[in-house]
Amino acid sequence: MTMAFAIDEINKNSNLLPNVTMGYSLYDNCASLGISFRASLLLASGQEERFLLDETCVGAPPVLGIVGDVYSTFTIAMSSVTGLYKLPIVSYFATCSCLSDRQRFPSFFRTIPSDAFQVRAMIQILKHFGWIWVGLLISDDDYGLHAARSFQSDLGPSGGGCLAYLEVLPWGDNPAEIRRIVDVMKKSTARVVIVFAHESHMINLMQEVVRQNVTGLQWMASEAWTAVAVLQTPHLMPYLGGTLSIAIRRGEIPGLRDFLLQMRPDLHQNNSYGNNMVNQFWEYTFQCRFAPPPVGWVEAGGALCTGEEDLEKTETELLNVAEFRPEYNVYKAVYALAYALDNMLRCVPGRGPFSGHSCGTFQRLEPWQLLHYLQKVNFTTSLGDQVSFDENGDVLPIYDIMNWLWLPDGRTKVQVVGEVKKSTFNGEELTIDEDKIFWNFESKKPAQSVCSESCPPGTRMARKKGEPECCFDCIPCSEGEISNKTDSMECTTCPEDFWSSPQRDHCVPKKTEFLSYHDPLGICLTAASLLGTFICAAVLGLFIYHRQTPIVRANNSELSFLLLVSLKLCFLCSLLFIGHPRLWTCQLRHAAFGISFVLCVSCILVKTMVVLAVFRASKPGGGASLKWFGAVQQRGTVLALTSIQAAICTAWLVSSSPGPHKNTEYHKDKIVYECVVGSTVGFAVLLGYIGLLAILSFLLAFLARNLPDNFNEAKLITFSMLIFCAVWVAFIPAYVNSPGIYADAVEVFAILASSFGLLVALFGPKCFIILLRPERNTKKAIMGRGTAKS
């Protein structure tokens, strides 16, 4: 009826196809592919009724274009035939994306968007609401199968989503298969179900959904069943309420309602299909029968149709022209053919598009000529919508987004909540008014439909084996790695001087570690070093104060003073090992340590040699040996031995100087600041030289241990050297096996232990006599004991 109205309107328009009357024929395919195919073959081949343009000329076949079909599968079959004859076919409802193939269907056009765009529109809606885990139900025909193919190829790249399941709805009555499909939906974790099928499929499906009471689903409808009233009932709305659907653009065609109200049945029962169709509609609407009625009809209370019934007083969808959607596409399809024909007839001879710049003549119109103009048609409807076809025969796509409302009073309403369209300049645009959407959930909010929850920062996505990419586990980032985004695929490694936070979502500077003055260990060692320094200073002051006493003057008091100074330096040099390593502290610590200890051990060595020389001089004929151990010689020997160590340190610092180093091998989350020795050989030579002098002193003191009490300092030296050597022999394995700051702590401990050992062993007995036994600090007492013993 919409096509009849459009043609009637065109014939009344003096500006469009003047002096030409358009006609039409209606054919019912009876939902049969065979009938559609046979009819299109007859139309294209010209085997239908011919007519005379005038009395002298036989005209072309009356069919120059076809409007239809509804089903994509039927349209594919029809277009395969009409394309061979270049007969234009303009569909108002066939949406299969396969029909955009110009090689297969060169004469096909449509005023409804392709399913490829409908699929992209649905994917945009899914992406808008964060639905990435969806189920898909399709019809077992080209309409559904091609939509499924588009979803499978586009859903992941465009929307980042996955199909939880893909099921094909069977044609006809197949309860077992429908039951299996609903069971799959019920068990799936996907809360969003997209149905690309027809009205009949949904009726069978929803019967089983109600039987199994499958609720809590968010349905998305394709345009094929988005406005089906039989599904919008109080019985089904508890399940289908809140459905989001794609709908063909609505268009209220001016004058169509009045045209429909003028429709009247054929009381003479002509064979015209159009009249027969109106009669059937009339009987259904008014529940009457035309004569002759079935037997017993009148007796049972059935009324006879008069043809004068008032159509305006009935409640029928036929008159709801404000909600006409496919009808508006029919209207545009008829006008597209009319404008193409009008442009062809207005062709100026000599300026035409055909060979020799010729035009198509009215008496010899050919379908392929109309096809040329149809490809270039461009007009605006009375509603302001522009109609033109792209290179594939598709119009500029636009869809309304609908929402099924379940009103408190039990009524249902389908309202527009947005639109999705493709513009020439801005591409595809999605507009949704979320405040108008009715959600059929207790929360009144959009459902959550994901296979796996989003991975928070600090984790990475790890796909589950054998499952779609939307199903994944969230694996915490390893130590030293972070992810600062949601759903990160990989964790990134922190820079060298940084480490991952406890949450693994950002990098933080690594903790620095060194033997600090603020740590308990550093405080203890510092206190011990200062205590040793203070004791040395106190002993030195005590010896200076009692420098004239025999116990101080015995065995060269000058060497004793120098030994105390060197021990003081040994205690102080340990402080260089505490604190943040710097270049100068790294260079100075080992040099100061080496020189201080060599000075100390040299003094002990010279004192030991002096003891042996004095004892030898006390024997007959041994006085000559003392001339080699005078004060000058003693000072010279100490200076010479210390100079050798100074030379070793200088060579070491010049060739391969120690320096600060950031060590990350001990602890991955910490930076250990340490001093590398630079040259292991230099460090070994430094320690070896100290060890050589210490061993030599120990051996000489050991040989002099049994001398008379007059020379008993040899015993003290022996004991002190024994402590010194024991400490440093234990130091080497402990130093090698101590990581980080503990290596420095071990070395400081060795320095302090050996220094305290020397201080106590050498000066402890003398301080005891000076302070607590002053009566023994006399020459007579010292010499007396020795004489009595001898």
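**Strand β8, helix α5 and aromatic contacts in a predicted model**

Both faces of strand β8 are covered in this predicted model: Leu244, Ile246 and Ile248 are buried on one side, and Ser245 and Ala247 are buried on the other. In a regular strand, side chains point alternately to the two faces of the sheet. The strand spans residues 244-248, and five of its five residues are buried. Its pairing involves two other strands, β7 and β13. With β7 (residues 218-221), β8 pairs in the parallel sense over two bridges, and Ala221 has Ser245 of β8 as its bridge partner. With β13 (residues 398-406), the arrangement is antiparallel and comprises five bridges; here the bridge partner of Ala247 is Asp400.

Helix α5 covers residues 142-159 and contains 18 residues. The distance from its first C-alpha to its last is 24 Å, close to the 26 Å expected at 1.5 Å a residue. The helix nevertheless bends by about 30° at Ser153, and Pro157 follows within four residues. The buried residues of α5 are Tyr143, Gly144, His146, Ala147, Ala148, Ser150, Phe151, Leu155 and Gly159. An α-helix has 3.6 residues a turn, so residues three or four places apart point the same way. The packing partners of the buried α5 residues are α3, α4 (115-129), β4 (133-139), β5 (162-169) and β6 (192-196). After the helix comes Gly160, with a positive phi near 65°.

Helix α3, one of the elements against which α5 packs, spans residues 72-82 and contains Ser79. Ser79 has a relative accessible area of 1% and is therefore buried. Beyond the residues up to four places away in sequence, Ser79 touches Ile89, Leu99, Phe105 and Phe108. The loop between β1 (66-67) and α3 includes Asp69, which is joined to Gly68 by a cis peptide bond with omega of about -5°.

Aromatic contacts were examined across the whole structure, and 24 aromatic pairs were found. In the pair formed by Tyr71 and Phe74, the ring centres are 5.0 Å apart and the planes lie at 65°, so the geometry is edge-to-face. The two residues were also assessed for burial: Tyr71 is partly exposed, with a relative accessible area of 29%, whereas Phe74 is buried at 10%. Ring pairs further link Phe5, Phe259, Tyr328, Tyr331, Tyr335, Tyr339 and Phe379 into a cluster. A contact between a charge and a ring involves Arg102, whose charged end sits over the ring of Phe109 at 4.7 Å from the ring centre.

In helix α12 (residues 367-375), the buried residues are Pro367, Gln369, Leu370, Leu371, Tyr373 and Leu374. These buried residues pack against β2 (89-91), β3 (108-110) and α11 (326-345). The loop between α11 and α12 contains His357, a residue other than glycine that has a positive phi, near 60°. A positive phi, about 55°, is also found at Ala31, although Ala31 is not a glycine. Ala31 is placed in the loop between α1 (2-11) and α2 (33-45), and its relative accessible area of 52% classes this residue as exposed.

Technical notes. Residues numbered from 1 in each chain as written. Predicted model: local features only at pLDDT ≥ 70, side-chain atom pairs only at ≥ 80, totals over all residues. Heavy atoms only, no water. Buried < 20%, exposed > 50% of the residue type's maximum accessible area, 1.4 Å probe, protein only. Contact = heavy atoms within 4.5 Å. Pairing = 2+ DSSP bridges. Expected span 1.5 Å × (residues − 1). Bend = angle between axes of the 7 residues up to and from the residue. Phe/Tyr/Trp six-rings, centres within 6.5 Å; stacked < 30°, edge-to-face > 60°. Lys NZ or Arg CZ within 6 Å of the ring centre and 35° of its normal.
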